[in-house]
Amino acid sequence: MRLAFEAVSYSYAGGEDRKRSRKAKREREAAWGNAPDAVWALRDVTLAVEPGEFLGVAGHTGSGKSTLIQHMNGLVHPTCGRVLADGADLADKKVAAQVRQSVGLVFQYPENQLFANTVYDDVAFGPRNMKLSEVEVERRVREAMELVGLDMDALGERSPFDLSGGQQRRVAFAGVLAMEPEVLVLDEPVAGLDPLSRADFLALIARFHARGMTVVMVSHSMEDLALLSDRILVLSEGRVFALGTPAEVFADATALKAVGLAAPAPQAFASSLREAGFHLPRDLYDEATLATDIAAQLAGATAAKEGGADV
């Protein structure tokens, strides 16, 4: 499924009088970020999420990230512009209802949305709402739980509230996966997890993408986005600040800093080393590739020095 935003703007009315004067409206719209009376969360956003890609979404707090992804399954609708799913406008209620079965949205701390008496019933909630047979529901629940590393036979009849925090989050993920979405939209999916659990969940998300699923992931971690994303969207004050490959987006650390973001630590360190005279040929670095190239250059410099001494 291809999701396209066409000049999308979104306004939070906030109970305010829409018939205010033009001057008051201009003043109101100028209030951005964390201002308590901010109105416009998105401004003239145009982009497409292509089938099978991993799109990372970054931006400072209040930049419009969460509002953007809520448009992807019709949870909210643009004040101006259109959101299209395979060319169909999500403003149509029938289209939006159908798209919600294909675009799975996972909010921050999804375990807080668990509600059923058993794990099985929680995971089965979406498929049952799709009016599927109980045989098909059971198949989907079992497969979804296997995908997230949970044993249905062992945990299916347990209360989700008796599970560990990490298990609860996996149950919440399974509930979305049981609907077999084409697109998985994640809002800070590893927020609040310890380092080991974070690594496990990121590996899990990477496996979803490897299976052909389109993934959109909001994250404050530039390292995670650099590692996983095909492209990264950076929002600032509701507008598209940058959109491109990780290498393209992180090439200008100064520009990112101006909107409250930073390049991944290995990439920033690589830039500093280049300024110091190191030859580092890759466009994008992580810890492993940076260590490899630094070691190779140091080894080459040592060999050259020793060769000169022999002469």
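This is a short dialogue on reading confidence, a sheet, a helix and salt bridges in a predicted model.

User: How is the confidence distributed, and where is it lowest and highest in the protein chain?

Analyst: Where pLDDT is low, the predicted coordinates should not be read in detail. Here the chain has a mean pLDDT of 88, and 88% of its residues reach 70 or more. Helix α1 (residues 22-29) has the lowest confidence, with a mean of 43, while β8 has the highest, at 98. Over residues 14-36 pLDDT stays under 50, and for that stretch the model has 21 contacts beyond four places in sequence.

User: In what order do the strands of the open sheet run?

Analyst: Strands of a sheet pair through backbone hydrogen bonds, either parallel or antiparallel. In this model six strands are arranged as β6-β7-β8-β3-β9-β10, with mixed pairing. β6 (103-106) and β10 (239-244) are the edge strands, each pairing on one side only. On average, neighbouring strands of the sheet are turned by 15 degrees against each other, direction ignored.

User: Which strands pair with β3, and over how many bridges?

Analyst: β3 (residues 54-59) pairs with β8 (residues 214-218) in the parallel sense over four bridges. With β9 (residues 231-236), β3 pairs in the parallel sense over five bridges. For individual positions, F54 stands opposite V215 in β8. L55 has V216 of β8 opposite it and R231 of β9 opposite it as well.

User: Is β3 enclosed or open to the outside?

Analyst: Six of the six residues of β3 are buried, so the strand is largely enclosed by the rest of the structure. F54, G56 and A58 point one way, L55, V57 and G59 the other way, and all are buried. One of the elements on the sheet is α8, which touches β3, β7 and β8 and whose direction makes about 150 degrees with that of β8.

User: Where is H209 found, and what does H209 touch?

Analyst: H209 belongs to helix α8 (residues 195-210). Its relative accessible area is 18%, so H209 counts as buried. Leaving aside residues up to four places away in sequence, H209 touches G52, E53, F54, V215 and D230.

User: Which residues of α4 are buried, and what do they pack against?

Analyst: In α4 (residues 119-129) the buried residues are V119, Y120, D122, V123, A124, G126 and P127. The buried residues of α4 pack against α5 (134-147), α6 (152-155) and α7 (165-177). K131 follows α4 and has a positive phi, near 65 degrees.

User: How many salt bridges are found in the whole structure, and how should I read single ones?

Analyst: Side chains of opposite charge can pair when their charged atoms come close. A search of the whole structure finds 15 salt bridges. One of them joins R128 and E134 at 3.0 Å, N to O; R128 is partly exposed at 33% relative accessibility, and E134 is partly exposed at 42%. Another joins E143 and R139 at 2.9 Å, N to O. E143 and R139 are four residues apart in helix α5, so about one helical turn separates them.

User: Which parts does the salt bridge between R142 and D153 tie together?

Analyst: The closest N and O atoms of R142 and D153 are 3.2 Å apart. R142 lies in helix α5 and D153 in helix α6, so the pair ties together parts that are 11 residues apart in sequence. R142 is partly exposed at 27% relative accessibility, whereas D153 is exposed at 59%. Salt bridges that share partners also join E136, R139, R140, E143 and E180 into one network.

Terms used: Residues numbered from 1 in each chain as written. Predicted model: local features only at pLDDT ≥ 70, side-chain atom pairs only at ≥ 80, totals over all residues. Heavy atoms only, no water. Helix = DSSP H or I, 4+ residues; strand = E, 2+ residues; numbered from the N terminus. Buried < 20%, exposed > 50% of the residue type's maximum accessible area, 1.4 Å probe, protein only. Contact = heavy atoms within 4.5 Å. Pairing = 2+ DSSP bridges. Axes fitted to C-alpha atoms, helices over the stretch in contact; angles between N-to-C directions. pLDDT = per-residue confidence, 0-100. Salt bridge = Lys/Arg side-chain N within 4 Å of Asp/Glu carboxyl O.
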